[in-house]
2 protein chains.
Amino acid sequence: MKRRTLFKAATALVAVMGLGTGMAVAQDAEKTIIGVSIPSATHGFMGGLNWHAQDTIKRLSETYPNLEFVLSTAGASAKQVNDIEDMMATRNIDALVVLPFESEPLTAPIKAVKDAGKFVTVVDRGLSQEGIEDLYVAGDNTAFGRVAGEYFRDNLEAGSKIVVLRGIPTTLDNERVEAFQKALEGSDVEILDMQHGNWNRDDAFNVMQDYLSKYPQIDAVWAADDDMAIGVLEAISAANRSDQMWVIGGAGMKEIVKRIMDGDKQLPVNVTYPPALISSAIEMTALNFVSNAPVSGRFIIGSRLITPENAEQYYFPDSPF
Amino acid sequence: MKRRTLFKAATALVAVMGLGTGMAVAQDAEKTIIGVSIPSATHGFMGGLNWHAQDTIKRLSETYPNLEFVLSTAGASAKQVNDIEDMMATRNIDALVVLPFESEPLTAPIKAVKDAGKFVTVVDRGLSQEGIEDLYVAGDNTAFGRVAGEYFRDNLEAGSKIVVLRGIPTTLDNERVEAFQKALEGSDVEILDMQHGNWNRDDAFNVMQDYLSKYPQIDAVWAADDDMAIGVLEAISAANRSDQMWVIGGAGMKEIVKRIMDGDKQLPVNVTYPPALISSAIEMTALNFVSNAPVSGRFIIGSRLITPENAEQYYFPDSPF
């Protein structure tokens with residue numbers, strides 16, 4: 001029974017230390033320290049993720065005075081490895097929540113934390129070896145593609161023509177695109193083209209410019225990512241064709257969500273792949289220490305359709321993303 | 001942004017109601033009501049689940065004064081349908097956490113709750129129609145069989161002979177047994193027999209009595225469930241063969257966990273399939289209202305090996321199970 005165990009350990013330590021400073025020691029001994037290691041805020045999505053990590057740590061620190069957090073951000077794998085070793089050596093963390101910068105170089109250092117008996121939560125990117133972490137939290141790439149595809153299927157007339165922008169060539173991108181295509185199967189919607197915009201605003205601008213010069217009829221665009229959607233919208237605007245097609249991005253960037261809230265016809269909906277998934281990971285890890293709920297396992301966060309009706313709950317004006 | 005929305009709604013209501021009773025109204029308006037509907041405590045596992053539901057509701061009510069809970073238990077599907085309709089009609093719940101007594105008759109009533117815009121969490125047993133619930137929380141039957149199988153594989157000498165007791169013939173039981181067999185593949189452990197003990201103590205006693213009379217050498221028993229393990233242990237004791245074989249049950253019944261803590265050689269380990277999964281479901285549903293963490297999706301709780309070293313964290317002496 002975790003809660004009681006924590007209390008007993010603290011009481012025992014007070015007994016050993018004597019009564020004089022008992023109260024202060026008890027409070028200190030009861031502290032559970034959770035390390036959070038994430039990539040730096042180098043682009044929009046990661047900026048949002050950093051903001052949500054801080055927001056969640058603030059909420060949990062206020063709710064549970066016995067929880068303490070150590071947050072570190074890294075712009076490279078080597079720095080992240082150092083951060084984690086430092087959390088173990090100087091802070092003696094009880095748990096680690098980590099979004100690995102890369103899988104391969106982080107696997108051994110994270111395994112060392114697990115082997116030392118700590119609770120380990122891995123977020124979004126799996127390790128190179130299975131079964132190390134206690135809890136895995138990630139988004140659902142299949143649902144991300146399916147939910148978007150279903151919206152195109154249900155909101156376009158027969159004979160409609162669309163174009164797709166793909167991300168960086170990865171398994172993740174394949175999963176999304178295959179699910180999108182599957183959702184459209186049997187409909188009369190035609191996919192004219194699918195090129196890689198690499199989740200990059202400028203690349204997406206170039207790909208869309210090319211589509212616009214090639215195809216006289218485009219009724220809708222699956223930009224599949226909000227950074228790409230921004231590039232796509234610029235290209236459409238430059239071609240003076242803004243009234244001809246709508247655009248669906250993805251991941252819930254705040255500027256895009258705001259336009260959905262405001263009823264912008266060019267951006268009718270969006271699909272979530274929330275940077276706040278780091279919040280779910282930190283909250284569930286905290287539950288391991290403050291509740292009796294089992295939190296070991298696999299939590300796959302569903303991708304939801306953001307519509308004008310529900311957009312407010314996905315809008316975080318203070319977040320950079 | 002959920003937290004802020006909640007606050008704004010309360011503030012707006014205070015403004016409408018006037019200033020005189022503002023404070024009281026604000027507190028009332030901010031209450032979020034979570035309905036919890038579970039089967040009655042008709043057997044050991046469900047008794048544990050009922051206890052954990054109450055324990056979690058107590059913890060959350062103390063931690064978050066703005067959360068309110070309505071708990072109902074049902075011994076039949078018709079009663080559970082009534083309970084849920086009553087929660088909607090008389091308490092206007094904001095969320096429902098439900099472990100369906102049966103899938104088929106509960107699907108339409110739970111869909112009605114979802115269609116009314118409530119947050120719906122389904123636990124352990126899926127509905128007949130996919131995609132209704134926001135959050136699905138369940139145990140991992142494949143891991144349940146695999147973890148047990150790996151223990152047999154790693155802790156028996158070549159040439160060892162074992163017997164298996166199966167549950168009620170169901171997909172769930174098939175998943176567990178197939179994963180168990182797969183974990184043993186390539187080892188020199190022989191499965192002598194696999195008969196259905198139906199997760200029942202008396203049936204398991206009879207099956208084991210039969211095994212004992214048939215097989216002169218049995219080195220270990222996978223009872224696959226702690227109720228069955230109790231029946232198996234009685235049969236072994238009656239045959240005076242307690243020193244010849246060890247027994248692995250499953251689900252973490254407190255009497256069994258206690259014996260593991262005490263280093264009982266006949267019961268070296270156990271595999272979790274925790275009745276506290278209801279706690280995970282209630283805690284995560286609560287997070288939907290008190291945090292910004294996305295909690296929609298699928299949480300599959302891993303099955304863990306309970307050993308003498310870690311048994312204390314799985315031991316709940318106050319629970320009936």
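The domain assignment of chain A divides it into domain 1, comprising 2-139 + 275-301, and domain 2, comprising 141-273 + 308-314. The C-alpha centres of these two domains of chain A are 36 Å apart. The model is a predicted one. In it, chain A superposes on chain B by a rotation of 180 degrees with 0.0 Å of shift along the axis, at an RMSD of 0.0 Å. The two copies are thus related as by a two-fold rotation axis.

**Relation of the two copies**

- In chain A, A:Phe299 has the C-alpha nearest the axis, at 2.1 Å from it.
- The contact surface is the same on both copies, since 100% of the contact residues of chain A recur in chain B.

**Overall make-up of chain A**

- The secondary structure of chain A consists of eleven helices and twelve strands.
- Along the principal axes, the C-alpha atoms of chain A fill a box of roughly 85 × 40 × 35 Å.
- Chain A has 321 residues, of which 56% count as buried.
- The exposed area of chain A is about 13,400 Å², and 50% of it is supplied by carbon and sulfur atoms.
- Of the contacts in chain A between residues at least 6 apart in sequence, 72% join residues at least 24 apart.

**Helix α5 of chain A**

- Helix α5 of chain A covers residues 103-115; at 1.5 Å a residue its 13 residues should span 18 Å, and its end C-alpha atoms are indeed 18 Å apart.
- Its buried residues are A:Leu106, A:Thr107, A:Pro109, A:Ile110 and A:Val113.
- The cover over these buried residues of α5(A) includes α4 (77-91), β3 (95-98) and β4 (119-123) of chain A.
- Just after α5(A) comes A:Gly117, with a positive phi of about 90 degrees.

**Helix α9 of chain B**

- Helix α9 of chain B, residues 226-238, has 13 residues and reaches 18 Å from its first C-alpha to its last, close to the 18 Å expected at 1.5 Å a residue.
- Because ten of its 13 residues are buried, α9(B) is largely enclosed by the rest of the structure.
- The buried residues of α9(B) are B:Asp226, B:Asp227, B:Met228, B:Ala229, B:Ile230, B:Gly231, B:Val232, B:Leu233, B:Ala235 and B:Ile236.
- Packing against the buried residues of α9(B) involves two helices of chain B, α8 (201-214) and α10 (254-261), together with the strands β6 (161-166), β8 (220-222), β9 (246-248) and β10 (270-271).
- At the start of α9(B), a side-chain oxygen of B:Asp225 comes to within 2.9 Å of the backbone nitrogen of B:Asp227.
- After α9(B) comes B:Asn240, which has a positive phi near 60 degrees.

**Positive phi in loops of chain B**

- B:Asn198 is not a glycine, yet its phi is positive, at about 60 degrees.
- B:Asn198 lies in the loop between β7 (190-196) and α8 of chain B, and its 26% relative accessibility makes it partly exposed.
- B:Ala251, likewise not a glycine, has a positive phi of about 105 degrees.
- The loop that holds B:Ala251 runs between β9 and α10 of chain B; with a relative accessible area of 10%, B:Ala251 is buried, the limit being under 20%.

**Buried polar residues of chain A**

- A:Asn141 is part of helix α6 of chain A, residues 141-155.
- A:Asn141 counts as buried because its relative accessible area is 10%.
- The side chain of A:Asn141 makes a polar contact of 2.8 Å with the side chain of A:Arg176.
- Beyond its neighbours within four places in sequence, A:Asn141 is in contact with A:Leu172, A:Glu175, A:Arg176 and A:Tyr273.
- A:Ser319 is located in the segment after β12 (305-306) of chain A.
- With 1% relative accessibility, A:Ser319 is also buried.
- The side chain of A:Ser319 reaches the backbone nitrogen of A:Phe321 at 3.1 Å.
- When neighbours within four places in sequence are set aside, the contacts of A:Ser319 are with A:Gly48, A:Trp51 and A:Lys254.

Technical notes
Residues are numbered from 1 along each chain as its sequence is written. Chains are lettered from A and ligands numbered from 1 in the order in which they are written. This is a predicted model: local features need pLDDT of at least 70, side-chain atom pairs count only at pLDDT 80 or more; totals for chains, interfaces and linings use all residues. Side-chain values use heavy atoms; hydrogens and water are left out. Copies are superposed by least squares on the C-alpha atoms of residues with pLDDT of at least 70 in both. Contact means heavy atoms within 4.5 Å. Helices (H or I, at least four residues) and strands (E, at least two) are DSSP runs, numbered from the N terminus. The expected span of a helix is 1.5 Å times one less than its number of residues. Buried means under 20% relative accessible area, exposed over 50%, partly exposed in between (1.4 Å probe, protein chains only). A polar contact is a pair of N or O atoms within 3.5 Å; within protein, one must be able to donate a hydrogen and the other to accept it, and residues adjacent in sequence count only if both atoms are side-chain atoms. Domain bounds come from an automatic or database domain assignment. Accessible areas come from the Shrake-Rupley method with a 1.4 Å probe; for residues, only the protein chains shown count as cover.
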